[in-house]
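Student: I should like to go through this structure with you. Could we begin with a single residue and then turn to the aromatic rings?

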Amino acid sequence: MVLSTGRRWLLLAVVSAGLLLITLDNSILYAALPTLVEELGASSSEGLWIINAYPVVMAGLLLGSGTLGDRVGHRRMFLIGLVVFGVASLTAAFSPTPEALIAARVFLAVGAAAMMPATLALIRVTFEDERERNVAIAVWGTLAIVGSALGPIISGLLLQSFWWGSVFLINVPVVIVALVATLVLAPPNDADPTKRWDLPSSLLALVALVGLVIAIKETAKTDPAPLVIAAAVLAAAVGGWAFARRQRRLPYPLLDFAIFRNRAFLAGVLAAGFSMFAIAGVQLVTTQRFQLVEGFTPLRAGLLVAAVALGALPTAMVGGASLHRIGLLPLVAGGLAVSTVGSVLVLLNFDTNMGLLITGLLITGAGLGAAMSVASSAIMGNVPARRAGMASSVEEVSYEFGSLIAVAVLGSLLTAVYTATIDLPAGVPGSARDSLDAALALAGDDHPSLVAAASDAFDSAYFCVMIVVIAVMAVGAIVTGLLLRRHGPGSALSVPAHHRDPSGRIHADQ
């Protein structure tokens, strides 16, 4: 069914609203985390799990939900995901304990995993003209950046007047509007019962990811438990190996590894992961640093990191609209290189010059906006329509994996460096080493020396985290540059049709 021009763009607005909800819930707790930790009595480890439960479970389920969408229809999957997401938001808003909130975040991830591949797959099957589709995907990618940036701002605004549960309750009216609009605007459901969905594959992917995150978090603790680390590493290794082995044996795998032979597709996947690693990492540590060290309100800290989105908006839109002329190489590899320069500026000025810090965040966003806006086009433009669900799942896994690894690695590194470098004044309890939140709670108004020591240690940790972000961005620019060396200005975006067999498997790349 071919939709009219107006209906196509209205549908884009609806699915983009769903994406906005998903990305908001990835970042909305960054600015709210100090408040959550205080009001729920959560430990630093529970605080990280409150954030990480969402991307871990979502990334584990995304591959399966994309393929399931190919089978039951992307319209139906989007509607199911909206309902689950709305119910989970209500549950999260009224969670009485950290454990209950973590469980609600898992439930939220189930709804998000159902929705997210469907948003991009619906765009892929609705916009048949390549240039029009590139613009639509650029809008979609831009809203992913906007959602990540709006999260801290919205949570800051809500926390000024309402309790912490309001950051989840705000999802409900958006879900209701999106449900009605989808029923009116979306094309008929495109179910394909011949496609197979394999639940064990999804569960194996989830085991591998959870094992990886637990291993990272436990390793970063002051007193890590070797048995826990060994068990987590074993679970990650066995889960990953079993998943890959099962995919090779299935006639309809959740993930056909042959699609990665296309270099443009692979570069798009890597660019998405590298970009989200940078965005999530910079937002997480910067909002915490300026609240806890500089005394910013959650809103002010959220507005500060919004500079990343402000820088990304123009480059994301221009990149998508001009991709057919500029080519993938300058936008993807060049964008990651620009973001590296911006991150260096942030590193050099985070504690000295606010103007240069904001400039660094704007430059970082400009580079990431260019890369992210066309990463989706590189991915979706190099698979046939029948593989839209699988391709969109791979992309979403890349986005979520980048965010997940950023929170797990950089959050754990932040805590580990703080704990290792703080020089506690005499007579201060050792619990002040656990986190800056704990040190500030112990200090009150009577121990300015403890506040100074804790702030210095946190700044050292922030410096180390930004060094890692810069290194990852530089590696991303080099790797994607090598993969896209044949995709300069004027080059084709998509792999030629003769490179695919009738099943959609890719046998060569360009």
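Tutor: The discussion below takes up one glutamine and then some aromatic pairs, all in a predicted model.

Student: Where does Gln-283 lie?

Tutor: Gln-283 lies in helix H10, which covers residues 263-292.

Student: Is Gln-283 buried or exposed?

Tutor: Gln-283 is buried, because its relative accessibility of 1% falls under the 20% limit.

Student: Which residues does Gln-283 touch, leaving out those up to four places away in sequence?

Tutor: With those left out, Gln-283 is in contact with Ser-27, Tyr-30, Ser-148, Ala-149 and Val-305.

Student: Now the rings. How many aromatic pairs are there?

Tutor: The count is five aromatic pairs. One of them joins Phe-260 and Phe-265, with ring centres 5.5 Å apart. Their planes meet at 75°, which is over 60 degrees, so this pair is edge-to-face.

Student: Which of these two is buried, Phe-260 or Phe-265?

Tutor: Phe-265 is buried, at a relative accessible area of 0%. Phe-260 is partly exposed, at 23%.

Student: And what sort of pair do Phe-290 and Phe-296 form?

Tutor: Phe-290 and Phe-296 form a tilted pair, with 5.2 Å from centre to centre and 50° between the planes. Phe-290 is buried at 1% relative accessible area, and Phe-296 is buried at 10%.

Student: Which charged residue sits over the ring of Phe-296?

Tutor: The charged end of Arg-300 does, 3.8 Å from the ring centre of Phe-296. As for Phe-290, Arg-289 lies over its face, at 4.7 Å from the ring centre.

Note on methods: Residues are numbered from 1 along each chain as its sequence is written. This is a predicted model: local features need pLDDT of at least 70, side-chain atom pairs count only at pLDDT 80 or more; totals for chains, interfaces and linings use all residues. Side-chain values use heavy atoms; hydrogens and water are left out. Helices (H or I, at least four residues) and strands (E, at least two) are DSSP runs, numbered from the N terminus. Buried means under 20% relative accessible area, exposed over 50%, partly exposed in between (1.4 Å probe, protein chains only). Contact means heavy atoms within 4.5 Å. Rings of Phe, Tyr and Trp (its six-membered ring) pair if their centres lie within 6.5 Å; planes under 30 degrees apart count as stacked, over 60 as edge-to-face and the rest as tilted. A charge sits over a ring if NZ of Lys or CZ of Arg is within 6 Å of the ring centre and within 35 degrees of the ring normal.
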